[in-house]
Amino acid sequence: MAKTNRPIIRVYNSETDEVIDREMNDTEFAQYEADQAARAAAQAKAEAKAQAKAELLQRLGITEDEARLLLA
Amino acid sequence: MAKQTFTTGQVLTAAQMTSLQQTAMGGGSTTAKTASYVLVAADAGTTVAMNAAGSTTITVNTGLFSAGDTVFIQNWGAGTCTITAGTATVSTHGSLALSQYEGGQLYFTSSSAAIFFDISQSTGMTNPMTTTGDTIYSSSGSTPARLGIGTAGQVLTVNSGATAPEWTTPASGSMTLLSTTTLSGAATTVSSINQTYKDLLVTVSNAAWNTSDDAIAFYTNLTSVTSFVRLTNTAVQATNLNTNIGDFSDGVENYKRTGGNNFTSLLIQDYAATTRYKTFYAYSIYEGSTNNGRRACLFGGFASNTAINSVSFRISSGYTLTGGSMRIYGVN
């Protein structure tokens, strides 16, 4: 198989006691890329949420603790 | 016949020839003693027989015998007869104390040293075994005792009084270490997991990786995307692939990538089942990016009838693992 520079993973076969370090296959790499994208999207979403929260607090002129107090 | 010094032209009598023949055949004249006795030079080549009800001794002194001389000693009596080194040295592998009907040969290696070749009969162990599979153990007083074979599957243990071995049925329930794998690469997978256990316990200890602090993730059956299920912090279903990050952390701080101060356990119940879904729970204690003692817990189910035969561990963002280990246990 031609080298593709995909991430290397370790696979231990519990039945044969064999350890193989190899590049991800197509299925694994597809999943890996999907996970990367999902992870990045989730982080971006979390950052956007934090940014929106900070902007709202700034507009209201209160701190996060004061906002909690209002909602308590 | 006692040891003789023959001279040229001497004519031996029939009685002397008979006596010599007896001596040559290991017998010979016997001098019976009824009390403790000190060997004399004339005893060379003869048999000294002790016959006394009480304890007696036969003493061996120097200057009486030559190298190669022998004296056969017998104990006929009930009293113990002890061969005693007087001024001579007496060596033996056995015992110099002769019980009734025991004996041996005193062989002189010099005029001052002798070896006693003990031919006394020691009492052997009486075989207590009667049946195939029997074993022998030492009961009270080192008496050989029989332990009959147990039944199929029983194991040898010590009895409740800690006095003897016994065959018992092992307590049900056990955990077997199936594999230990050093973490490496963008993911570490243990495949072809033995399917004969009830539950599966996976532990990851001291994981470390490059690049950045991050969450961690477990996967099962990674070899096929159709059977792939990811553990998430919401419902876990085979149909939500790629739709939920659901990575394992406490939701506040990521795992610190260096130091390896983290420990995670994942228990999958009925992992080998092919006719029903499986459930799991996982917990983790770890060092966070800025705080120690972070705790994360995750539980859910696998909405799949496919048996789980491989488990993978990876860092959520796919960073390269640089240390730590994953152990797989089969639980019954």
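**Figure 1. Six strands of chain B line up in an open sheet.** In this predicted model, strands of chain B sit side by side in the order 15-24-17-20-21-22, and their pairing is antiparallel. Take a moment to follow that order across the sheet, since the numbers do not simply count upwards. Which strands stand at the edges? They are strand 15 (175-182) and strand 22 (294-302) of chain B; each has a single partner strand, so one of its sides is left without a neighbour in the sheet. From one strand to the next, the twist averages 15°. As you look at the strands, keep a general rule in mind: along a regular strand, side chains alternate between the two faces of the sheet.

**Figure 2. Strand 20 of chain B has a partner on either side.** Here we zoom in on strand 20 (residues 262-269) of chain B, which stands between strand 17 and strand 21 in the sheet order. With strand 17 of chain B, strand 20 of chain B pairs in the antiparallel sense over seven bridges. One place to look is B:Val204, whose bridge partner in strand 20 is B:Thr264. With strand 21 of chain B, strand 20 of chain B pairs over eight bridges, again in the antiparallel sense. On this side you can find B:Gln269, which stands opposite B:Thr279 in strand 21. Why is strand 20 of chain B described as largely enclosed by the rest of the structure? Six of its eight residues are buried, and a residue counts as buried when its relative accessible area is under 20%.

**Figure 3. Strand 21 of chain B meets the edge strand 22.** This view moves along to strand 21 of chain B, which covers residues 278-286. Nine bridges join strand 21 to strand 22 of chain B, and the two run antiparallel. To find one matched pair, start at B:Tyr281 and look across to strand 22, where its bridge partner is B:Phe299. Strand 22 of chain B has a single partner strand, so one of its sides has no neighbour in the sheet.

**Figure 4. Two residues of chain B have a positive phi without being glycines.** Let us begin with B:Ala162, which has a positive phi of about 55° although it is not a glycine. Where is B:Ala162 found? Look in the loop between strand 13 (155-158) and strand 14 (165-168) of chain B. B:Ala162 is exposed, with a relative accessible area of 60%. Next comes B:Asn206, which is not a glycine either, yet has a positive phi of about 55°. B:Asn206 has its place in strand 17 (residues 199-209) of chain B. With a relative accessible area of 45%, B:Asn206 is partly exposed.

**Figure 5. B:Gln195 touches residues from elsewhere in chain B.** You will find B:Gln195 in the loop between strand 16 (188-191) and strand 17 of chain B. Which residues does B:Gln195 touch, not counting those up to four places away in sequence? They are B:Tyr271, B:Ala272, B:Ala307, B:Ile308 and B:Asn309. B:Gln195 and B:Gly330 are 135 residues apart in sequence, while their C-alpha atoms are 8.6 Å apart in space. B:Gln195 is partly exposed, with a relative accessible area of 32%.

**Figure 6. Chain A and chain B come together at an interface.** How many residues of each chain take part in the contact? On one side are 31 residues of chain B, and on the other are 21 residues of chain A. The two chains bury about 2,100 Å² between them, with 50% of that area on carbon and sulfur atoms. Across this interface, the rule finds zero salt bridges.

**Figure 7. Each chain can also be viewed by itself.** Chain A has two helices and two strands, and along its sequence they follow the pattern β-β-α-α. Of the 72 residues in chain A, 25% count as buried. Chain B has one helix and 24 strands, and buried residues make up 40% of its 332 residues. For chain A, residues 24 or more positions apart account for 3% of the contacts with a separation of 6 or more. For chain B, 61% of the contacts between residues at least 6 apart in sequence join residues at least 24 apart. Chain A exposes about 5,400 Å², of which carbon and sulfur atoms supply 55%. Chain B exposes about 16,400 Å², of which carbon and sulfur atoms supply 53%.

Conventions:
Residues numbered from 1 in each chain as written. Chains lettered and ligands numbered in written order. Predicted model: local features only at pLDDT ≥ 70, side-chain atom pairs only at ≥ 80, totals over all residues. Heavy atoms only, no water. Helix = DSSP H or I, 4+ residues; strand = E, 2+ residues; numbered from the N terminus. Buried < 20%, exposed > 50% of the residue type's maximum accessible area, 1.4 Å probe, protein only. Contact = heavy atoms within 4.5 Å. Areas by Shrake-Rupley, 256 points an atom, 1.4 Å probe, with all protein chains shown as cover. Pairing = 2+ DSSP bridges. Axes fitted to C-alpha atoms, helices over the stretch in contact; angles between N-to-C directions. Buried area = accessible area lost by both parts, 1.4 Å probe. Salt bridge = Lys/Arg side-chain N within 4 Å of Asp/Glu carboxyl O.
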